Amino acid sequence: MPRFSPRLLAGLVAGGLAGPPLAAQTIPPAPSQEHASKATGAQAHRFLDRFNAANTTHDGRLTLQQAQAANMPWVARHFAEIDTQRKGYVTLQDFQAYRQQMRAARLQASPSQPAE
């Protein structure tokens with residue numbers, strides 16, 4: 001068995017080379033808010049693209065028939081809930097308001113976390 005000088009061993013231990021692998025010593029970081037916002041931004045961009053493609057009249061108003069023709073089943077299924085003013089069409093602002101309403105309802109329905 002080779003003998004190492006005390007100075008070399010001290011350097012290896014101090015540098016972490018003689019101990020367990022560094023990956024075993026660290027906890028992976030939680031997903032960052034930036035990553036989550038990028039994913040949300042990508043989803044919003046895809047939805048905007050689909051909305052614009054479905055809006056064949058290019059007036060910023062999506063009708064139920066346009067949503068059905070563009071194969072947007074979620075929009076068609078929730079159209080009446082999104083169109084709260086019963087205009088017969090929905091806008092991007094209507095979708096945003098609906099999404100915020102659903103998020104608030106989810107937060108109220110989720111059990112509150114105990115205080116630490």
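A pocket, as the word is used here, is an open set of grid points with protein on both sides within 12 Å along at least five of seven lines, and its lining residues are those with an atom within 4 Å of a point. With that in hand, the largest pocket of this predicted model turns out to be lined by 16 residues. Those that lie nearest its centre are Gln-43, Ala-44, Phe-47, Phe-95 and Arg-99. The volume of the largest pocket is about 590 Å³. Two helices, helix 3 (33-54) and helix 6 (92-109), each contribute at least two residues to the lining. Helix 6 provides the largest share, nine residues. In chemical character, the lining of the largest pocket splits into eight nonpolar, four polar and four charged residues.

It helps to place these helices within the whole chain. The secondary structure of the protein chain consists of six helices and two strands. Read from the N terminus, the order of the elements is α-α-α-β-α-α-β-α. The protein chain has 116 residues, and buried residues account for 16% of them. When contacts between residues at least 6 apart in sequence are considered, 34% of them link residues at least 24 apart.

The interior comes next. Eleven residues form the largest nonpolar core: Phe-51, Ala-54, Leu-62, Ala-67, Met-72, Val-75, Phe-79, Ile-82, Val-90, Phe-95 and Tyr-98. Helix 3, helix 5 (73-82) and helix 6 are the elements that give two or more residues to this core. Helix 5 gives the most, with three residues. Phe-95 thus has a place both in this core and among the residues nearest the centre of the largest pocket. Another core member, Ala-67, touches Leu-62, Met-72, Val-75 and Ala-76 when residues up to four places away in sequence are not counted.

Helix 5 deserves a closer look. Its buried residues are Val-75, His-78, Phe-79 and Ile-82. These residues lie on the same side of helix 5, because they cover an arc of only 160° around the axis. The background is simple: an α-helix has 3.6 residues a turn, so residues three or four places apart point the same way. Arg-77 also belongs to helix 5, but Arg-77 is exposed, with a relative accessible area of 58%. The C-alpha atoms of Arg-77 and Leu-64 are 9.2 Å apart in space, while the two residues are 13 residues apart in sequence.

The loops supply further detail. In the loop between helix 3 and strand 1 (62-63) sits Thr-56. Thr-56 counts as exposed because its relative accessibility is 55%, and exposed means over 50%. From C-alpha to C-alpha, Thr-56 is 9.5 Å from Ala-70, with their positions 14 residues apart in sequence. The loop between helix 3 and strand 1 also holds His-58, which is exposed at a relative accessible area of 67%. The phi of His-58 is near 55°, a positive value in a residue other than glycine. For context, most residues other than glycine have a negative phi.

A positive phi, about 55°, is also found at Arg-86, again not a glycine. Arg-86 lies in the loop between helix 5 and strand 2 and is exposed, with a relative accessible area of 58%. Gly-88 is found in the loop between helix 5 and strand 2 as well. With a relative accessible area of 38%, Gly-88 is partly exposed. Apart from residues up to four places away in sequence, Gly-88 touches Thr-63, Leu-64, Phe-79 and Asp-83. Gly-88 and Leu-62 are 26 residues apart along the chain, and their C-alpha atoms are separated by 8.6 Å.

Finally, Thr-91 is located in the loop between strand 2 (89-90) and helix 6. Thr-91 counts as buried because its relative accessibility is 14%, and buried means under 20%. With its neighbours within four places in sequence left aside, Thr-91 is in contact with Phe-51, Gly-60 and Arg-61. Of these partners, Phe-51 is also listed in the largest nonpolar core.

Methods
Residues numbered from 1 in each chain as written. Predicted model: local features only at pLDDT ≥ 70, side-chain atom pairs only at ≥ 80, totals over all residues. Heavy atoms only, no water. 1 Å grid on protein atoms, 1.4 Å probe; cavity = no way out; pocket = protein on both sides within 12 Å on 5 of 7 lines; lining within 4 Å. Points joined across faces, edges and corners; volume = space filled by probe spheres on them. Helix = DSSP H or I, 4+ residues; strand = E, 2+ residues; numbered from the N terminus. Nonpolar A, V, L, I, M, F, W, Y, C, P; charged D, E, K, R; others polar. Core = buried A, V, L, I, M, F, W, Y, C linked by side-chain atoms within 4.5 Å. Buried < 20%, exposed > 50% of the residue type's maximum accessible area, 1.4 Å probe, protein only. Contact = heavy atoms within 4.5 Å. Arc of directions from axis to C-beta.
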